[in-house]
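Biologist: Hi, I'm new to reading protein models. Could you walk me through this one?

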Amino acid sequence: MIPPVRFSAKQQPRLGRLKRMSQHRGLLTPEERARIMQLQDLLIDRFVEHREATADGLEERVATLEAEIGNLLREKKEIEQWAVAGSA
């Protein structure tokens, strides 16, 4: 017999956050959701490259990657704000 799952007090707020995020994502168009996913993939790649460039001491590449990461995060935030503005 499998015991019932119990959630700690720490896990409950996270579950509420996930619910809000899924509701938020529901307001995005399929194209916007696809772009968000693409941006997340690009961000992962850039963060990995950033870590490697930092470890190798490539300061110029680190600066370039930080700028790229900032631009990707800005674009992602703008798309998410459109969804919020559209639901208001």
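Biologist: What pattern does the protein follow, read along the sequence?
Modeller: The pattern is α-α-α, with three helices and zero strands. Helices (H or I, at least four residues) and strands (E, at least two) are DSSP runs, numbered from the N terminus.

Biologist: Anything I should know about the model itself?
Modeller: This is a predicted model, where local features need pLDDT of at least 70 and side-chain atom pairs count only at pLDDT 80 or more, while totals for chains, interfaces and linings use all residues. Residues are numbered from 1 along each chain as its sequence is written, and side-chain values use heavy atoms, leaving out hydrogens and water.

Biologist: Cool. Which residues in H2 are buried?
Modeller: Glu32, Ile36, Leu39, Leu43, Arg46, His50 and Ala53 are. Buried means under 20% relative accessible area, exposed is over 50%, and partly exposed is in between (1.4 Å probe, protein chains only).

Biologist: And what does the side chain of Glu32 reach?
Modeller: It reaches the backbone nitrogen of Thr29, at 2.8 Å. Glu32 is buried but has no salt bridge, meaning a side-chain nitrogen of Lys or Arg within 4 Å of a carboxyl oxygen of Asp or Glu. The nearest side chain of opposite charge is Arg33, 7.0 Å away; for charge, Lys and Arg count as positive and Asp and Glu as negative, with His and the chain ends not counted.

Biologist: How many salt bridges does the structure hold, then?
Modeller: Six. In one of them, Arg46 pairs with Glu49, with the closest N and O atoms 3.7 Å apart. Both residues lie in helix H2, three residues apart, about one turn of the helix.

Biologist: Why does that spacing help?
Modeller: An α-helix has 3.6 residues a turn, so residues three or four places apart point the same way.

Biologist: Which other partner does Glu49 have, Arg61 or none?
Modeller: Glu49 also forms a salt bridge with Arg61, where the closest N and O atoms are 2.5 Å apart. Glu49 lies in helix H2 and Arg61 in helix H3 (residues 59–87), so this pair ties together parts that are twelve residues apart in sequence.

Biologist: What about Lys76 and Glu80?
Modeller: Their side chains meet in a salt bridge at 3.1 Å, N to O. Lys76 and Glu80 both sit in helix H3, four residues apart. Elsewhere, salt bridges that share partners join Arg46, Glu49, Arg61 and Glu68 into one network.

Biologist: New topic: is Arg51 buried or exposed?
Modeller: Arg51 is exposed, because its relative accessible area is 58%.

Methods:
Polar contact = N/O pair within 3.5 Å; in protein donor to acceptor, adjacent residues only side chain to side chain.
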